[in-house]
Structure formats: structure tokens, C-alpha cells
Amino acid sequence: MRLSKPHLEHFNREGYVVVERVLSDLDFVPLIREYETFIDIHAKGLHDRGALSDLYATEPFERRLARITEETTDIYATMDIMMFRGEALFAFLKHPKLMTLIEGILGPEIICSPIQHLR
């Protein structure tokens, strides 16, 4: 999918553009699996240290981190892209569907700086 003329006009006028239905749920699966593993490991460490009363292992991915951070925000220090550079995360940042859209604005020379933060 390439940016349409109206998308480019909106970007040039407003400085941003929203393009819906670019990524499917399946595009997020590797990223979610990687973060599930990461969250599981760090939740166990927090639980072992007594900083977390429950692993919240039965919570779905969409809610588990929120439940953990109701008790402690210590997990965030290790989730920053400067600390956690997983293969699935890097693959997602250079996903072909995203690159095609970004290339339509910036051209083919695109870099990813680890100074940015994942939210």
C-alpha cells in the first residue's frame, strides 16, 4: 500500500497522516510473543523479590502489563528500547508495509535510532 495523493496532501498540510488498515492482527503476533516472554520473565523476577503479589499470568496480553504496573512500575526500566532490543521488535520497526508508507514521505534512506522509545 502506498500513500494516496490525499494522504500526502494531509501530511504536507498537517505534519502527520493516519492510514488505517495497513497492518493486520497477524503482523503483531511475533512482537506480542516476544513481549509476552519478556514480561513473563520480569514479572517472575519482581514476584520473587516481593515487589509483585501476583504474576497476572491469566490476564490477556492487552491487560497484563497494566495489572502488573498497578503494583509496581519497576518493569518499565527494562522495557525501554535502549534496554530491550528484541529481534521481533526490530523486525516490526522495519516491517515492509510500514517502510512502503514511510518511503512515500521520506524516500528510501530510512534509519531507526535506538534513542527513541517504544510505547
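A nonpolar core is a set of buried Ala, Val, Leu, Ile, Met, Phe, Trp, Tyr and Cys residues joined through side-chain atoms within 4.5 Å. In the predicted model described here, the largest such core holds 15 residues. Those that touch the most other members are Tyr35, Phe38, Ile39, Leu52, Ile68, Ile75 and Met79. Two or more core residues come from each of α2, α3 and α5. Helix α2 gives the largest share, with 6 residues. In soluble globular proteins, nonpolar side chains tend to be buried together.

Helix α2 was examined next. This helix runs over residues 25–48 and has 24 residues. At 1.5 Å a residue, α2 should span 34 Å. Its end C-alpha atoms lie 33 Å apart, so the expected and modelled spans agree. The helix nevertheless has a kink of about 30°, centred on Leu31. Leu31 is also one of the buried residues of α2. The others are Asp27, Glu34, Tyr35, Phe38, Ile39, Ala43 and Leu46. The buried residues of this helix pack against α3 (61–71), α4 (76–79), α5 (87–93) and α6 (96–106). Just after α2, Gly50 takes a positive phi of about 85°.

Contacts of Ile75 tie in with this picture. With residues up to four places away in sequence not counted, Ile75 touches Ile39, His42, Leu46, Leu65, Ile68 and Thr69. Two of these partners, Ile39 and Leu46, are buried residues of α2. Ile39 and Ile68 are, like Ile75, among the core residues that touch the most other members.

Two loop residues stand out by their backbone angles. Most residues other than glycine have a negative phi. Arg21, in the loop between α1 (5–14) and α2, has a positive phi near 60°. Tyr56, in the loop between α2 and α3, has a positive phi near 55°. Their surroundings were then compared. Arg21 has a relative accessible area of 74%, which is over 50%, so Arg21 is exposed. Tyr56 has a relative accessibility of 10%, which is under 20%, so Tyr56 counts as buried.

The segment after α6 contains Ile110. At 26% relative accessibility, this residue falls between the 20% and 50% limits and therefore counts as partly exposed. Leaving aside neighbours within four places in sequence, Ile110 is in contact with Met99, Ile102 and Glu103. Ile110 and Tyr16 are 94 residues apart in sequence. In space, their C-alpha atoms are 17 Å apart.

Methods. Residues are numbered from 1 along each chain as its sequence is written. This is a predicted model: local features need pLDDT of at least 70, side-chain atom pairs count only at pLDDT 80 or more; totals for chains, interfaces and linings use all residues. Side-chain values use heavy atoms; hydrogens and water are left out. Helices (H or I, at least four residues) and strands (E, at least two) are DSSP runs, numbered from the N terminus. The expected span of a helix is 1.5 Å times one less than its number of residues. The bend at a residue is the angle between axes fitted to the seven residues ending there and the seven starting there. Buried means under 20% relative accessible area, exposed over 50%, partly exposed in between (1.4 Å probe, protein chains only). Contact means heavy atoms within 4.5 Å.
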